Amino acid sequence: MKRMIPVTPRQKEFQEEPCPSTYIRSKKVDTNQHIFLTAEDSFKRLISVVEWHARCCKEKLKPTKMLKKGHVCKTSLKCNDKETPHVFSWSSSPYLPTKDYLVNSRVNHGITCSGILPAVYKRFAQGSGIGVISDENRTSFFNVHSQHIQEEYKYSTDIALLQEIASYEELDSKIDIMSDARHGWRKNAKDTSVVCTGEKHIKLLVVNMLRKQWTLYLKDMRDLGQRRSSTIYMKMM
Ligand SMILES: [Zn+2]
């Protein structure tokens with residue numbers, strides 16, 4: 001038996017409007033639209049705000065002017081209610097206790113750890129249109145964190161020296177050491193020294209791709225990994 005469920009005017013209004021597609025095909029003229037980085041929490045909060053507004057107001061929310069703060073987008077959402085329009089301020093990044101944006105701080109962290117040159121970062125950021133962190137902001141970040149970087153550098157150097165010394169069966173007068181464990185063979189990393197490791201052993205934190213010729217070294221890695229269970233080592237040829 002069929003039951004007739006009454007449809008409220010609001011539900012009727014919803015039914016008349018088809019759901020917009022989540023697949024968007026960008027036109028040529030739209031390829032220069034705003035592109036920015038966002039964080040999970042900010043994205044979820046945006047959904048929550050829009051949901052709250054939809055429950056208590058029939059007008060649509062629209063973003064006003066979008067401002068770039070580094071890689072972060074800052075904007076306001078305003079509805080068309082003529083008497084008392086709702087206005088929500090939204091940033092694509094949460095704030096840290098220091099009032100800095102989390103997103104920009106994470107990018108600054110990546111810049112510092114990768115050894116990328118400032119000029120290369122700026123060309124990449126400007127070329128891709130994702131916003132760019134100013135020289136002042138990057139310098140300020142580096143100055144704040146340089147003490148921690150120096151401590152990490154000293155710690156990794158001490159550990160690397162001890163590991164290297166322990167790896168020599170008969171220690172002569174000298175040992176070999178690398179001053180950059182990230183990618184010391186790269187030209188743009190030669191002047192950085194955030195982390196350090198021995199010449200005979202290299203710590204592997206993450207391996208994404210295994211090449212066929214590496215399989216010869218797997219046995220060495222396993223043997224060494226068993227000897228020092230907390231860390232995996234790769235023996236250099
Ligand atoms: Zn409203």
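The following questions and replies go through a predicted model and ask on what grounds its parts get their labels.

Me: What makes up the protein, and in which order do the elements run from the N terminus?
Reply: The protein has six helices and eight strands. From the N terminus on, the order is α-α-β-β-β-β-α-α-α-β-β-β-α-β. Of its 237 residues, 12% count as buried. Among contacts with a separation of 6 or more, 52% are between residues 24 or more positions apart.

Me: How do you know that β1 and β3 pair?
Reply: Pairing needs at least two bridges, and three bridges join β1 (residues 61-63) to β3 (residues 72-79). The two strands therefore count as paired, and they run antiparallel. Lysine 62 stands opposite lysine 78 in β3.

Me: What makes β2 and β4 partners of β3?
Reply: The same cut-off of at least two bridges applies. Strand β2 (residues 67-69) has three bridges to β3, in the antiparallel sense, with leucine 67 opposite lysine 74. Strand β4 (residues 87-91) is joined to β3 by five bridges and also runs antiparallel to β3. Here leucine 77 has phenylalanine 88 of β4 as its bridge partner.

Me: What lies between β2 and β3 in their hairpin?
Reply: Two residues lie between the strands, and glycine 70 in the turn has a positive phi of about 70°.

Me: Why is lysine 60 called partly exposed?
Reply: Lysine 60 has 13 other C-beta atoms within 10 Å. Exposed would require 12 or fewer and buried 20 or more, so a residue in between is partly exposed. Lysine 60 is in the loop between α2 and β1. Leaving aside neighbours within four places in sequence, lysine 60 is in contact with Cys79 and Asn80. Lysine 60 and lysine 78 are 18 residues apart in sequence, with their C-alpha atoms 8.1 Å apart.

Me: Why is lysine 99 called exposed, and what is its phi?
Reply: Lysine 99 has 6 C-beta neighbours inside 10 Å, and exposed means 12 or fewer, so lysine 99 counts as exposed. Lysine 99 is in the loop between β4 and α3. Its phi is near 75°, a positive value in a residue other than glycine. Most residues other than glycine have a negative phi.

Me: Why is glutamine 33 called exposed?
Reply: Glutamine 33 has 10 other C-beta atoms within 10 Å; the limit for exposed is 12 or fewer, so the label follows. The loop between α1 (9-16) and α2 (40-56) holds glutamine 33. Glutamine 33 and glycine 129 are 96 residues apart in sequence, yet 8.8 Å apart in space, C-alpha to C-alpha.

Me: What makes helix α4 lie largely in the open?
Reply: Helix α4 (residues 118-128) has eleven residues, and the number buried is zero, so α4 lies largely in the open. Glycine 129, which follows α4, has a positive phi near 75°.

Me: How do you know that the span of α3 is close to the expected value?
Reply: Helix α3 (residues 102-114) has 13 residues and reaches 18 Å from its first C-alpha to its last, against an expected 18 Å at 1.5 Å a residue. Just after α3, glycine 115 takes a positive phi of about 80°.

Me: Which residues of α3 are buried, and what covers them?
Reply: The buried residues of α3 are Val103, Asn104, Ser105, Val107 and Asn108. Their cover includes β3 and α5 (135-167).

Me: Why is α3 called roughly perpendicular to α5?
Reply: The two helices pack at an angle of about 70°, with their axes 10 Å apart. Angles of 65 to 115 degrees count as roughly perpendicular, so the label applies to α3 and α5. Asn104, Ser105, Asn108, Ile111 and Thr112 of α3 make the contact with Asn137, Arg138, Phe141, Phe142 and His145 of α5.

Me: Which residues make up the largest nonpolar core, and what makes such a set a core?
Reply: The eight residues are Phe36, Val72, Cys73, Tyr101, Val103, Val107, Val132 and Ile133. The elements that give two or more residues to this core are β3 and α3. A core is a set of buried nonpolar residues joined through C-beta atoms within 7 Å. Valine 107 is in contact with Ile133 and also with His71, leaving aside neighbours within four places in sequence.

Notes:
Residues numbered from 1 in each chain as written. Predicted model: local features only at pLDDT ≥ 70, side-chain atom pairs only at ≥ 80, totals over all residues. Helix = DSSP H or I, 4+ residues; strand = E, 2+ residues; numbered from the N terminus. Expected span 1.5 Å × (residues − 1). Contact = placed C-beta atoms within 7 Å. Axes fitted to C-alpha atoms, helices over the stretch in contact; angles between N-to-C directions. Parallel < 35°, antiparallel > 145°, perpendicular 65-115°, else oblique.
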